[in-house]
Amino acid sequence: MNSKVESVLKEIENFKATSEKELEEFRLKFISKKSVVTELFSEMKNIPNDQKKAFGQQLNEVKQAAQNKFKSIIDNLNSSSESGTQDHVDLTLPPAGREIGSLHPLTIIRAQIIEIFERIGFNVSDGPEIEDDWHNFTALNFPENHPAREMQDTFFIERNPDMLLRTHTSNVQARLMKSGTPPFRSIMPGRVFRNEAISARAHCVFHQVEGLYVAEDVSFVDLKQTIYHFAKEMFGKETQIRFRPSYFPFTEPSAEVDISCQICKGDGCQLCKYTGWVEIAGSGMVDPNVLENCGIDSEKYTGFAFGMGLERIAQLKYQVNDLRLYTENDVRFLSQFKTGL
Ligand code: DAH
């Protein structure tokens, strides 16, 4: 055998490669276009004709040997890296913990409100978010030209101007009263929509909880006690309430409900605009027109109603100062409510 061929063969046989780097060294030296094997092939032209055939056979032998070796190095590397990863799996370790989600703050608040009212005999009613004009406005004594009926304030469904996205949960009052005979004692949580530009203090989608109690001899005292009970249960025993005269088409008399500011405890801060009070609801005695519109005898029955904003209650409980946080789905915000209920 040609001595050069013989020494290359020996080199191939003795080559030790235990890493990717050494594999690459082998490839460059024995497999690539610039390898010693390719160099040997170029020697062919210097070989006398009668020896060419034997030399050619030897070259093929070297080439084959280089390729076999190359393949076996790869196989070795693969199998050692596989057994390497297996070595790293420790089956006795406890599994990596999974992130547990949390309830949305508004879901927590809604559940708390329901619980508080259920304890004093209120059940929960539900109504549609896509509502007709009658249940959202007419039944509730809104005059024909009331500004809430304008496009600027309400999302109307273009194809059918009689349909709209409810602007408050008061529509469920009308549906409930039409569905049977008093007594009704119900709260109605839900999503409402108004045609407002989104900012820290306003949103086109928000949540309310409506309350309605219609029976014989229901008076403003019952309204006051019910709201007082709620405020103390929700915000703590020290919480004060006050009623301010107001106007709603569906209640007479009407009142705005304030509670003592939860942030400054009445001392005055930015949230309560230095008054010590924050508004949480609208309320009043159900207007007799509304009772009659819904087929209820207003001589026999009286009732009170209220409507409050869930976002406002959550803001006071959790000091959330930007309404947009409720809809942005930012886990940094949401994960703070893990202990929720
Ligand atoms: N529907 C009113 C609103 O969205 C809130 C409200 C006020 C509801 C007084 C009532 C009520 O039931 O009696 O602003």
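**Close-up 1. E210 and its polar contact with the ligand.** In this predicted model, a polar side-chain atom of E210 sits 2.6 Å from an oxygen atom of the ligand. R194 also reaches in with its side chain, putting a polar atom 2.8 Å from a ligand oxygen. A305 joins in through its backbone instead, with a polar atom 3.2 Å from an oxygen atom of the ligand. On its own the ligand has 360 Å² of accessible area, and the protein covers 89% of that.

**Close-up 2. The shell around the ligand.** Here we pull back to take in the 15 residues around the ligand, of which H168, Q173, R194, Q208 and E210 come nearest. Sorted by type, the shell has 9 polar residues, 4 nonpolar ones and 2 charged ones. Where do they come from? Helix 7 (170-178) gives at least two residues to the shell, and so does each of strand 5 (205-215), strand 8 (277-286) and strand 9 (302-309).

**Close-up 3. Y274 in its loop.** Now for a look at the stretch between strand 7 (251-260) and strand 8, the loop where Y274 is found. Y274 has a relative accessibility of 61%, so this tyrosine counts as exposed. Leaving aside residues up to four places away in sequence, Y274 touches G268 and C269. C264 is 10 residues from Y274 in sequence, and their C-alpha atoms are 9.1 Å apart in space.

**Close-up 4. F117 and F230, a stacked pair.** This is one view from a structure that holds 17 aromatic pairs. The ring centres of F117 and F230 are 5.4 Å apart and the planes meet at 15°, so the two count as stacked. F117 belongs to helix 5 (residues 105-118) and F230 to helix 8 (residues 220-235), so the pair ties together parts of the protein 113 residues apart in sequence. Both F117 and F230 are buried.

**Close-up 5. F137 and F142, an edge-to-face pair.** Between these two rings the planes make an angle of 65°, and the centres are 5.0 Å apart, giving an edge-to-face arrangement. Buried or exposed, F137 and F142? Both are buried.

**Close-up 6. The aromatic cluster with F117 and F230.** Back to the stacked phenylalanines, this time with their aromatic company: F117 and F230 form one cluster with F122, Y213, F304 and F306.

Definitions and conventions. Residues are numbered from 1 along each chain as its sequence is written. This is a predicted model: local features need pLDDT of at least 70, side-chain atom pairs count only at pLDDT 80 or more; totals for chains, interfaces and linings use all residues. Side-chain values use heavy atoms; hydrogens and water are left out. A residue is near a molecule or strand if one of its heavy atoms lies within 4 Å of it. A polar contact is a pair of N or O atoms within 3.5 Å; within protein, one must be able to donate a hydrogen and the other to accept it, and residues adjacent in sequence count only if both atoms are side-chain atoms. Accessible areas come from the Shrake-Rupley method with a 1.4 Å probe; for residues, only the protein chains shown count as cover. Helices (H or I, at least four residues) and strands (E, at least two) are DSSP runs, numbered from the N terminus. Ala, Val, Leu, Ile, Met, Phe, Trp, Tyr, Cys and Pro count as nonpolar, Asp, Glu, Lys and Arg as charged, and the others, Gly among them, as polar. Buried means under 20% relative accessible area, exposed over 50%, partly exposed in between (1.4 Å probe, protein chains only). Contact means heavy atoms within 4.5 Å. Rings of Phe, Tyr and Trp (its six-membered ring) pair if their centres lie within 6.5 Å; planes under 30 degrees apart count as stacked, over 60 as edge-to-face and the rest as tilted.
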